[in-house]
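Welcome! Let's get to know this structure together through a few questions.

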Amino acid sequence: MFKYVKYEMKGTMKFLIGAIILALGASTGIQLFIRREAGNTLMGGMQGNPDIVAFLLLALVFILIGSLIGAMVYLISSYRRELYEDRGYLTFSLPLSGGQLLGSKLLVALFWGTVMGLVIILYNLVLAQMLIGYNLFEDIWSIIRQVDNFGFLLTGSIITSLMESAVTLLLVYFAITVSRVSIKSKKIGSLWFILFIFLASVVTYIQELIAKLMPMYLDLSTMGIIGQREAYIMGIDSQLGGTLSIQGVVSIPGLLFQILLIVGAFFATAYMLDKKIDIV
């Protein structure tokens, strides 16, 4: 499995590094425009054609967002190509189980998503520090020191974010796999995206309903369990699902539902890959 992960990393590296460079270039352009306009405001005017400036800034924003979306679409397409293109003949001839294949794709996608997010955030922090002229990291560190048990809060935030990403990816992989399986000699094919939207909507509804019916939360700053009364005092929305709130509180039933969903979607998709997919 790890050899296949290494192979996937090499296969996706060129495109993903290109997407990261494109995103960093767009970020640089956006920050330079912001600095320029801030300087023009202080001088009491705006230099250049404002329509052109607005157009270019909007284009850079679209490039940044497009590079992020393009990277995720590329990673998802990498899984779809295994089921719909000729490369699947080679992949399914390897001594890999469905779970190993799915796990490899999931690990690579989560890895690149994490790397891309961290690189863009750190780059923008450093660039903003250089352009604005004061130490943003020092200000952030000052804020962090004022937060109780920041380590717990950060760890919980990372774990929760990874779980949410895993749920989304597994629902996509499940929908793509179902689209490849014959049901009464029929396949839904390209309609997998509609199936994914439906599944994601149902999952979100169930998650919010569970959180609302069973208001029990985990405060990540203290690792203590709080009820509806404490959540109300803290101003927590009862429809948190399994997601982390700004206050660092997560719904315990919603979180358990996410864990069960990850396990269920993983094994269901792996089973179809092993038993229901016939590439030949």
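Helices here are DSSP runs of H or I with at least four residues, strands are runs of E with at least two, and both are numbered from the N terminus. Please keep in mind that this is a predicted model.

Q: In what order do the elements of the protein chain run from the N terminus on?
A: The chain has nine helices and three strands to place. Reading from the N terminus, the order is α-α-α-α-α-α-α-β-β-α-β-α.

Q: Is Ser104 buried or exposed?
A: Ser104 sits in helix α4, which covers residues 98-132. Leaving out residues up to four places away in sequence, Ser104 touches Met1, Tyr4 and Val5. Buried means under 20% relative accessible area. Because its relative accessibility is 0%, Ser104 counts as buried.

Q: Is Phe257 buried or exposed?
A: Phe257 belongs to helix α9, made of residues 252-275. The cut-off for buried is under 20% relative accessible area. Phe257 has 17%, so Phe257 is buried.

Q: How many Å apart in space are Phe257 and Gln207, C-alpha to C-alpha?
A: Setting aside neighbours within four places in sequence, Phe257 is in contact with Val203, Ile206, Gln207 and Ile210. Phe257 and Gln207 are 50 residues apart in sequence, while their C-alpha to C-alpha distance is 7.0 Å.

Q: What percentage of the exposed area of the protein chain do carbon and sulfur atoms supply?
A: Of the 280 residues in the protein chain, 39% count as buried. The chain exposes about 16,500 Å², and the share supplied by carbon and sulfur atoms is 70%.

Key: Residues are numbered from 1 along each chain as its sequence is written. This is a predicted model: local features need pLDDT of at least 70, side-chain atom pairs count only at pLDDT 80 or more; totals for chains, interfaces and linings use all residues. Side-chain values use heavy atoms; hydrogens and water are left out. Buried means under 20% relative accessible area, exposed over 50%, partly exposed in between (1.4 Å probe, protein chains only). Accessible areas come from the Shrake-Rupley method with a 1.4 Å probe; for residues, only the protein chains shown count as cover. Contact means heavy atoms within 4.5 Å.
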